[in-house]
Amino acid sequence: MTELEKYYNKFNEDHRLTTRHGTVEFEVALYRITKHLEMLNQEKNSIKIADIGAGTGRYSIALSRMGYDVTAVELVKNNLNKLLNRHEKVKCWQGDARNLSFLDSEKFDVTILFGPLYHLHGKEKLKALNEAKRITKKGGLIFTAHLLNEYAVITYGFIQGNIQKCLENGSISKEFICRDGENELYSYTSLEDIKQLDSDAGLIQTEIFSPDGPSDFMRRELNAMDEETFRLFIEYQKKNCLRPELLGASSHIVDVLRK
């Protein structure tokens with residue numbers, strides 16, 4: 001069992017996306033995904049979607065219930081079993097994002113690659129992105145999600161009081177960049193690194209947006225909001241998620257690519 005599998009056997013992914021900050025991330029990301037799906041101008045049941053690193057199926061199930069043809073791939077068996085036990089109309093595979101040989105080339109109109117790039121490092125990210133590219137139809141879209149460097153530095157470094165220790169042990173450089181060590185569970189990146197990854201894969205960025213905005217930094221404030229105010233915050237984020245000056249004020253970023 002890999003360290004990643006051990007982690008997700010203990011980590012409650014279902015709970016994360018139903019917390020208030022997780023709800024913002026999920027609803028805004030799904031909103032932007034469906035906007036792009038609507039522009040394909042096809043019958044929903046003819047649009048094939050691959051959700052690579054599907055977790056327990058939050059996005060897969062939502063898109064399937066909307067009428068799309070969804071295939072989910074998940075590495076962690078515990079997560080995959082939770083998805084299977086829901087008996088949804090989602091085709092499910094256990095597999096690694098870096099090797100999707102069980103899926104045909106140019107099969108999907110849209111490929112979602114969210115979870116894997118949080119955990120892969122260096123050239124392994126490019127392997128996963130190239131596999132997503134391979135299974136996506138020419139002209140199709142790939143949605144990739146990344147964790148931002150500044151979120152880790154500000155929260156773990158400064159808010160939780162670990163910055164001096166991290167600077168001393170080298171996990172954060174003197175330029176305040178998180179070291180992308182192969183043994184680290186998470187990989188944090190920058191907008192510049194994302195552009196370079198896209199270029200290396202030969203993909204064209206069509207959009208980049210912040211699904212959660214500042215919500216990860218204001219968990220306490222979100223939890224204190226009444227329901228009406230919280231819904232207004234989600235609407236605020238939907239309307240502002242594309243603003244370039246706000247992209248860095250986020251823990252997650254979603255990069256939309258065209259093959």
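Analyst: One definition to start with: a helix axis here is a line fitted to C-alpha atoms over the stretch in contact, and the angle between two axes runs from 0 to 180 degrees between the N-to-C directions. Keep in mind that this is a predicted model.

User: Got it. Why is α3 called oblique to α4?

Analyst: Their axes cross at roughly 45 degrees and come within 11 Å. Roughly parallel takes an angle under 35 degrees, roughly perpendicular covers 65 to 115, and roughly antiparallel starts over 145; the rest count as oblique. An angle of roughly 45 degrees fits none of those three ranges, so α3 is oblique to α4. As for handedness, α3 passes α4 in a right-handed crossing.

User: How do you know which residues of α3 and α4 meet?

Analyst: The test is heavy atoms within 4.5 Å. On the α3 side that picks out Glu25, Phe26, Ala29, Leu30, Ile33, Thr34 and Leu37, and on the α4 side Arg58, Tyr59, Ala62 and Leu63. By class, this contact has 8 nonpolar, 1 polar and 2 charged residues. Thr34 is the polar one, while Glu25 and Arg58 are charged.

User: What makes α3 and α12 oblique to each other?

Analyst: That's a similar argument. α3 packs on helix α12, residues 227–240, at about 40 degrees, with the axes 10 Å apart. Anything under 35 would count as roughly parallel, and roughly perpendicular begins at 65, so about 40 degrees leaves the pair oblique. Their crossing is right-handed. From α3, the residues involved are Arg20, Thr23, Val24, Glu27, Val28 and Tyr31; α12 brings Glu227, Phe230, Arg231, Phe233, Ile234, Gln237 and Lys238. That contact holds 6 nonpolar, 2 polar and 5 charged residues.

User: Where is Thr18, and what does it touch?

Analyst: Thr18 sits in the loop between α2 and α3. Setting aside its neighbours within four places in sequence, Thr18 is in contact with Thr23 and Arg58. Thr18 and Arg58 are 40 residues apart in sequence, and their C-alpha atoms are 9.7 Å apart in space.

User: How does a C-alpha distance of 9.7 Å go with Thr18 being in contact with Arg58?

Analyst: The 9.7 Å runs from C-alpha to C-alpha. Contact asks instead for heavy atoms within 4.5 Å, so the pair can pass that test on other atoms.

User: What makes the space beside Glu25 and Ala29 a cavity?

Analyst: A cavity is space where a 1.4 Å probe fits but cannot get out. The structure holds 1 cavity of 30 Å³ or more, and about 30 Å³ of space lies in it. Its lining is Glu25, Ala29, Tyr59, Phe114, Tyr118, Ala145, Pro211, His252 and Val254. Two elements, α3 and β8, give two or more residues each to that lining. By class it has 7 nonpolar, 1 polar and 1 charged; Glu25 is the charged one and His252 the polar one.

User: Which element gives the most to the second largest pocket?

Analyst: That's α10, with 5 residues. The pocket has a volume of about 260 Å³ and is lined by 15 residues, with Gly122, Lys125, Asp180, Thr189 and Asp193 nearest its centre. Besides α10, both α7 and β6 give two or more residues. The lining divides into 6 nonpolar, 4 polar and 5 charged.

User: Why are α7 and α10 called oblique as well?

Analyst: Their axes cross at roughly 55 degrees and come within 10 Å. That angle is not under 35 and does not reach 65, where roughly perpendicular begins, so α7 and α10 are oblique. The crossing is right-handed. Lys125, Leu126, Leu129, Asn130 and Lys133 in α7 meet Leu197, Asp198, Asp200 and Ala201 in α10. The split here is 4 nonpolar, 1 polar and 4 charged.

Note on methods:
Residues are numbered from 1 along each chain as its sequence is written. This is a predicted model: local features need pLDDT of at least 70, side-chain atom pairs count only at pLDDT 80 or more; totals for chains, interfaces and linings use all residues. Side-chain values use heavy atoms; hydrogens and water are left out. On a 1 Å grid over the protein atoms alone, a cavity is a set of points where a 1.4 Å probe fits but cannot get out, and a pocket is an open set with protein on both sides within 12 Å along at least five of seven lines; lining residues have an atom within 4 Å of a point. Grid points are joined across faces, edges and corners, and a volume is the space filled by probe spheres set on the points. Helices (H or I, at least four residues) and strands (E, at least two) are DSSP runs, numbered from the N terminus. A crossing is left-handed if the near helix is turned anticlockwise from the far one by less than a right angle, and right-handed if clockwise.
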